[in-house]
Amino acid sequence: PMGGLMASTRAFASASVGSVGHSHRRAGASAAKPAASRVAHARWSAKAAYSETGDVIGRGAGSGRARRRGSRSGLHVVALTQVGATIPAALTLASLAKYSAAGGLGGLVSHTPSVPLDVIKTKLQTQPEKYKGMDMWQIGTEIVRTEGIGSIFTGAGTTAVGFTLHGVFKYSGFEAIKFMTFKHGAGYKAGDAIAVFCQDHRIQTLLFAGAIAELFATLILCPLEQTKIKMISDPNYADGWVSGVKRLIREEGVEGIVSTLPVIWTKTIPYTMFQLATYDVTSSALRSWANGLPFEPPSIALQLPAALLAAVIASLASQPGDTLMSTFNGECPDGAEECPGFDFVEDEELDEDGMIKPKRRGLLETAMGLGPGGLMLGWKERLAHTSLIVVIQLTVYDDIKRALFR
């Protein structure tokens, strides 16, 4: 699908070259030369979008009239690049602050409303026997019936704080890495080797940027996500997110928290890689296609399909990691005879009630115990959860970023 989208973008750019020559001749010899240079760039690829500044991109996308003028003068590839690919002329603290603000707000407004879906999904993953055979609505109803209405919003505090900070570092990191790769050194036009390589391997570069950004953003999210999972799997773990984080630090220590990073990375890194790369490429192709229409479609009409595709791919790619994270960080409730990710060994120490104290399995052992089917447990519930998050987050981030860079 990615290759097809890129091919369509290149084909559109190439097809438009022949139609711009006449308008160039009317524009005069002085304007024709630079315009022809840009068209020649567009003929071979849509990389011209990355070679221009964010100011040019912003102006080109500002109005239908300006956009159509750009198309007639051969500048459509620059004017109609996806919002996600906007790269400023220089990477400054001000531009990083704008990316951070847009990413933080996008993370807050997308993750917080979806907390009930996250609770249902986590309950199913950590207590599969209890909720076996139930659909999403039935699980939610059972949670409310047995634990109270407030339990369906468990972890809302950790989610709001954690994903606001996560969005700040995730999006600013992604945009910074894009700048340092696509505009490395003297840039693509000057033949810089790294910039040329990144332009020629655009999808791989975007995946790399997403992976590195998430690697560091997860460091902020890790303790808050662990606390949320423990609070959902064990209603008695803590009264609120602050006391939950304190208990986590007291019982696990910094070393214990850091030791779970590989587990969380199995979810967060694939998720961000495919979410951001898919949206970047898909929205680029859609905006280039929309340039040939006789009218300017609303932004949401182009954002929504790109965001939905990004949600599906990112959710499925990271589902095994999500199940591992829930299982590995979940608590085994008192009195339980079986819990995913735990072993009940006869010769192990007993708890204060004389019951066998469960022993947590290692990461590889947990994955092998779950098997392929177990690793995909809850994928439907999570797909609904992820789709809501991704669509809201990407559209909010896009719109705020466009407004800030206008």
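Me: Which residues is Thr 205 in contact with, leaving aside its neighbours within four places in sequence?

Reply: In this predicted model, Thr 205 is in contact with Thr 181, Phe 182 and Cys 198. Contact here means that heavy atoms come within 4.5 Å of each other. Thr 205 itself sits in helix H13.

Me: And what makes Thr 205 count as buried?

Reply: Its relative accessible area is 7%, and the cut-off for buried is under 20%. The value falls under that limit, so Thr 205 is buried. Its contact partner Cys 198 also passes the test, because its relative accessibility is 6%.

Me: How far is the C-alpha atom of Thr 205 from that of Lys 178?

Reply: The two C-alpha atoms are separated by 7.8 Å, while the residues are 27 apart along the chain.

Me: Lys 178 belongs to H11, which covers 156–182. How do you know that H11 spans about what is expected of a helix?

Reply: H11 has 27 residues and reaches 38 Å from its first C-alpha to its last. The expected figure, at 1.5 Å a residue, is 39 Å. The two values are close.

Me: What makes H11 "mostly covered"?

Reply: Of its 27 residues, 19 are buried. For the protein chain, 50% of the 406 residues count as buried.

Me: Which residues make the nonpolar surface patch?

Reply: Leu 165, Phe 169, Phe 216, Leu 219 and Ile 220 make a patch of about 450 Å². Helices H11 and H13 each give two or more residues to the patch, and H13 supplies the largest share, three residues.

Me: Why can Leu 219 be part of such a patch?

Reply: Patch residues need over 30% relative accessible area. Leu 219, in helix H13, has 41%, so it clears that limit. Leu 219 is called partly exposed because 41% lies between the 20% and 50% cut-offs.

Me: Let us turn to charges. Why is the pair Asp 118 and Lys 228 called a salt bridge?

Reply: The N to O distance is 2.4 Å, and the rule asks for a Lys or Arg nitrogen within 4 Å of an Asp or Glu carboxyl oxygen. The pair meets that limit, so it is a salt bridge. Asp 118 lies in helix H9 and Lys 228 in helix H13, so the pair ties together parts that are 110 residues apart in sequence. Both residues are buried.

Me: How do you know that Asp 280 and Arg 202 form one too?

Reply: Their closest N and O atoms are 3.2 Å apart, and the limit is 4 Å. This pair links distant parts of the chain, with Asp 280 in helix H15 and Arg 202 in helix H13, 78 residues apart. Asp 280 is buried at 2% relative accessible area, and Arg 202 is buried at 7%.

Me: Lys 230 forms a salt bridge with Glu 252. Why is Glu 252 called partly exposed?

Reply: Glu 252 has a relative accessible area of 33%, which is between 20% and 50%, so "partly exposed" is the right term. Lys 230, at 2%, counts as buried because that is under 20%. As for the bridge, the closest N and O atoms are 3.7 Å apart, which is within the 4 Å limit.

Me: How many salt bridges are found in the whole structure?

Reply: A search finds 15. Some of the charged residues are linked in a network: Asp 118, Lys 121, Glu 225, Lys 228, Lys 267, Asp 322 and Arg 382.

Me: What makes Asp 322 count as buried?

Reply: Asp 322, found in helix H16, has a relative accessibility of 0%, so it meets the under 20% rule. Not counting residues up to four places away in sequence, Asp 322 touches Lys 121, Gln 125, Lys 267 and Arg 382.

Me: And how many disulfides are there?

Reply: The count is zero, where a disulfide would need two cysteine sulfur atoms within 2.5 Å.

Notes
Residues numbered from 1 in each chain as written. Predicted model: local features only at pLDDT ≥ 70, side-chain atom pairs only at ≥ 80, totals over all residues. Heavy atoms only, no water. Patch = residues over 30% accessible without salt bridge, like charges linked within 9 Å, V, L, I, M, F, W, Y side chains within 5 Å. Areas by Shrake-Rupley, 256 points an atom, 1.4 Å probe, with all protein chains shown as cover. Salt bridge = Lys/Arg side-chain N within 4 Å of Asp/Glu carboxyl O. Helix = DSSP H or I, 4+ residues; strand = E, 2+ residues; numbered from the N terminus. Buried < 20%, exposed > 50% of the residue type's maximum accessible area, 1.4 Å probe, protein only. Expected span 1.5 Å × (residues − 1).
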